[in-house]
Amino acid sequence: MSAKKPIIEIKNVSYSYESIDGRRISALDGISLSIERGSFVAVLGHNGSGKSTLAKLLNMILTPEKGEIYFDGERVSGPGDIDENVMYAVRRRVGMVHQNPDNQIVATIVEEDVAFGPENLGIPPQEIRDRVDAALAAVGMTEYARHAPHRLSGGQKQRVAIAGILAMMPECIIFDESTAMLDPSGRAEVMEIIKKLNKERNITIILITHDMMEAAMADRIVILNDGRVYADGTPQEIFSQVDRMRAIKLDVPETTAFMYELSSLGLTLPRGVFNVRECAEAVAAALFAAGKVRV
Amino acid sequence: MRDITLGQYYPGNSVLHRADPRAKLVCAILYIAAVFMCRSALAFIVIIAATAVSIALSGIPLRVLLRSMKSLIFIIIFTAFINLFLTTSGELLFRFYFIKIYSKGIINTIVMILRITLLIAGSGVFLTYTTTPIALTDGLEQLLAPLRKLRLPVHEFSMMMTIALRFIPTLVEETDKIMNAQKARGADFGTGSLLSRARALLPILIPLFIAAFRRADELAIAMECRCYHGGEGRTRMNVLHLRTPDFAIMAFCVILCIAAALINTYIPIFTLIG
C-alpha cells in the first residue's frame with residue numbers, strides 16, 4: 001500500500017470557524033495526511049474533532065486558512081486562491097456522500113437524480129443514460145429507476161446518492177457519516193457497497209464515521225481529536241491501544257474491549273482482534289493454553 | 001398525509017400522455033385562445049366536439065374530469081349568478097321585486113358556464129391529467145429556453161420548481177411528525193376560535209421553517225459537491241423530441257383556433273355575444 005502514489009495529500013492544513021460571539025474556533029490545527037490511491041481509510045473522532053471540516057476541504061467546499069492540499073501530486077487548494085476549473089475537476093474526481101439521505105437527492109425520479117451530476121458536467125445525453133444505468137446497477141437499484149425517491153427506505157436513498165456520485169466516475173468517494181441516520185439493515189447495505197467499490201473498482205474510500213465496527217472494515221484508521229491527528233494506523237494497531245482510545249473517550253469494538261478486560265484479568269491474549277469469530281478463537285486458545293478448560 | 005399525489009396526473013399511456021410536454025403546453029394555450037374566440041353557437045358546437053375528441057384521445061374517464069369540476073362548482077355558480085342578475089341588456093323576461101332577468105343575461109350565463117367548463121376540461125386533458133408536474137417543468141424550461149437570451153432565469157426557475165416538487169412530500173411528512181410531537185405534549189389543533197387555532201399552528205411552522213432552511217443549506221452543499229454551477233454548460237439525460245403525433249395535436253389545435261375565428265367572421269349565425 002505504502003508504495004503507491006498518494007491520491008490526496010494534505011500538508012499542514014488549518015481551518016477555523018467563527019463562532020456566534022465572534023471568536024475563532026479552530027477546527028483543524030495544522031494536520032498533514034496522505035491518502036494512497038485505492039485505499040480505504042476510516043476517519044474517526046468525536047463531534048467537533050474536525051472530521052467534517054476535513055471532508056469539506058478535500059471536496060473544495062472550504063479552502064484551508066493555512067497549508068495546502070494536493071490532488072494526484074498537483075496543488076489544488078491553498079489559502080485564498082481557487083481556480084474554478086480546478087475546483088470542478090476536483091469535485092468530479094472526489095465525490096461526496098452526505099449524512100442525511102433526504103437532503104442530497106435533487107430530482108423527483110431516481111434515475112434523474114443519478115443523472116444530475118453528469119448533466120452538470122455537460123456530458124452528452126446518450127452517455128449520461130449509459131452511466132446512469134451502470135451506476136444504478138452497481139448499487140443494485142436498477143428496478144427502482146423510475147421510482148420517486150421519497151418512497152424509498154433510508155438505505156435505498158443512500159444507495160441512490162452513491163449512484164449519483166458513481167455516475168460522475170470519481171476516483172475517490174468521501175462518505176461523511178453516511179450511515180449515521182440509517183437503520184441496521186440500511187447500514188449493512190451501504191457498507192457492503194462501499195467495500196465492493198473499494199475492492200472491485202479500486203475507488204479510494206474515505207469513510208467518516210462514529211461506528212467502530214464500520215471503521216474496522218477499513219485498511220487504515222485515522223483518529224482526529226481537537227483538530228489534530230491523534231492516531232493513524234491499521235485497525236489492528238489502533239484498536240490494540242485501548243488505553244489511548246479511552247483517554248479521548250472513544251470506544252473500541254466490543255470484542256476488543258472484551259479481550260482487553262480479559263487480558264487485564266491475567267489471560268494472555270493477542271491484541272487488536274475485533275472480528276467476533278477471531279475473538280472467540282483467541283479466547284478459546286488462551287483458555288486451552290492456560291489449562292482452565294478441557295476439551 | 002403520506003400518500004399525497006401532486007397535481008391531478010392520471011396515469012395512462014394515451015397519445016396525449018406520451019406527447020411532448022412542450023407540444024401539450026402549446027396546445028393548451030391554443031385551446032384556451034380558441035375557447036375565448038368562440039362567439040357563436042356554431043363555434044361552440046365545433047369546440048365541444050373537438051374537446052370530446054381530445055377527451056377520448058386522452059383516455060381519461062369522464063367521471064375523473066367531472067370530479068375536478070366539482071371543486072370549481074362554486075366559482076361556476078358564482079359567475080353564473082353574477083351574469084344572470086347583473087346583465088341589464090336585452091329583453092326583460094322575468095321580474096321579482098328587485099330581481100330582473102334579461103334575455104341577454106341568460107345567454108351570457110350559458111356562455112360563461114360553457115367557457116369555464118371547456119377551459120377546465122381542455123387544460124386538464126392537455127396538461128394536468130396527462131402530464132406529470134416534472135415533465136411540465138422540463139417542458140416549460142425547454143419551451144422558454146430562448147428567453148435566456150433576454151437574461152431571464154429560465155433554468156433557475158425550473159430548478160426551483162423541481163426542488164419544490166421533490167421536497168413537498170418530505171416537508172409534508174415532516175409537518176406530520178412535528179404535529180404528532182406537539183400533540184404528544186398536549187397541543188390542541190382542532191378546537192377553539194379560528195384565531196386560537198391559527199396560533200396553535202405557530203409551534204409547527206417555526207420548527208418546520210428552521211428544518212427547511214437547514215435542509216436547503218445541506219442540499220446546496222450536496223448540489224455543489226455534484227458540480228452544479230447553474231444552467232450554463234449543462235446537458236440533460238432526457239432530451240425532448242417532437243414526433244409526428246406532437247405535430248398532429250398542435251396542428252389540431254391550430255385548426256381549432258382558425259375554425260373558431262372563421263366561424264365568427266364568415267358564418268355569423270347563432271351569434272351569442274358581441
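In the predicted model, strand S3 (residues 40-44) and strand S8 (residues 204-209) of chain A run parallel and are joined by five bridges. Within S8(A), the residue that stands opposite Leu44(A) is Thr209(A). S8(A) is also joined to S7(A), again in parallel and through five bridges, and here Thr204(A) of S8(A) serves as the bridge partner of Cys172(A). These pairings belong to an open sheet of six strands in chain A, with mixed pairing and the order S6-S7-S8-S3-S9-S10. Because strand S6 (94-97) and S10 of chain A each have a single partner strand, they stand at the edges of the sheet, and one side of each is left without a neighbour in it. Direction ignored, neighbouring strands of this sheet are turned by 20° against each other on average.

The environment of S8(A) is mostly covered, six of its six residues being buried. In a regular strand the side chains alternate between the two faces of the sheet. Thr204(A), Ile206(A) and Ile208(A) point one way from S8(A), whereas Ile205(A), Leu207(A) and Thr209(A) point the other way, and all of them are buried. Towards the S6 end of the strand order, helix H5 (residues 154-166) of chain A lies across S6 and strand S7 (172-176), and it runs at about 165° to S6(A).

At the other edge, strand S10 (residues 228-233) of chain A contains Arg228(A). This residue has 16 C-beta neighbours inside 10 Å and therefore counts as partly exposed, the cut-off for a buried residue being 20 or more. When residues up to four places away in sequence are not counted, Arg228(A) touches Asp29(A) and Ile31(A). Ile20(A), by comparison, is 208 residues from Arg228(A) in sequence and lies 23 Å from it in space, C-alpha to C-alpha.

Taken as a whole, chain A has eleven helices and ten strands. Its radius of gyration is 21 Å, close to the 19 Å that the globule rule gives for 295 residues, so chain A is as compact as a globular protein of that length. Taken along the principal axes, the box filled by the C-alpha atoms of chain A is roughly 70 × 50 × 45 Å. Of the 295 residues, 47% count as buried, and among the contacts in chain A with a separation of 6 or more, 63% are accounted for by residues 24 or more positions apart.

Between the two chains, 33 residues of chain A are in contact with 25 residues of chain B. On the side of chain B that touches chain A, helix H8 (154-184) and helix H9 (194-225) of chain B each supply at least two residues, and H9(B) gives the most, with eight residues. By residue class, this side of chain B divides into 13 nonpolar, seven charged and five polar residues.

Within chain B, helix H10 (residues 244-266) has 23 residues and reaches 32 Å from its first C-alpha to its last, which is close to the 33 Å expected at 1.5 Å a residue. The buried residues of H10(B) are Asp246(B), Ile249(B), Cys253(B), Leu256(B), Ala260(B) and Ile263(B). An α-helix has 3.6 residues a turn, so residues three or four places apart point the same way. The cover over the buried residues of H10(B) includes helix H2 (21-37) and helix H3 (41-58) of chain B.

Methods:
Residues numbered from 1 in each chain as written. Chains lettered and ligands numbered in written order. Predicted model: local features only at pLDDT ≥ 70, side-chain atom pairs only at ≥ 80, totals over all residues. Helix = DSSP H or I, 4+ residues; strand = E, 2+ residues; numbered from the N terminus. Rg over C-alpha atoms; globule rule 2.2 N^0.38 Å. Buried ≥ 20, exposed ≤ 12 C-beta atoms within 10 Å, placed from the backbone. Contact = placed C-beta atoms within 7 Å. Nonpolar A, V, L, I, M, F, W, Y, C, P; charged D, E, K, R; others polar. Expected span 1.5 Å × (residues − 1). Pairing = 2+ DSSP bridges. Axes fitted to C-alpha atoms, helices over the stretch in contact; angles between N-to-C directions.
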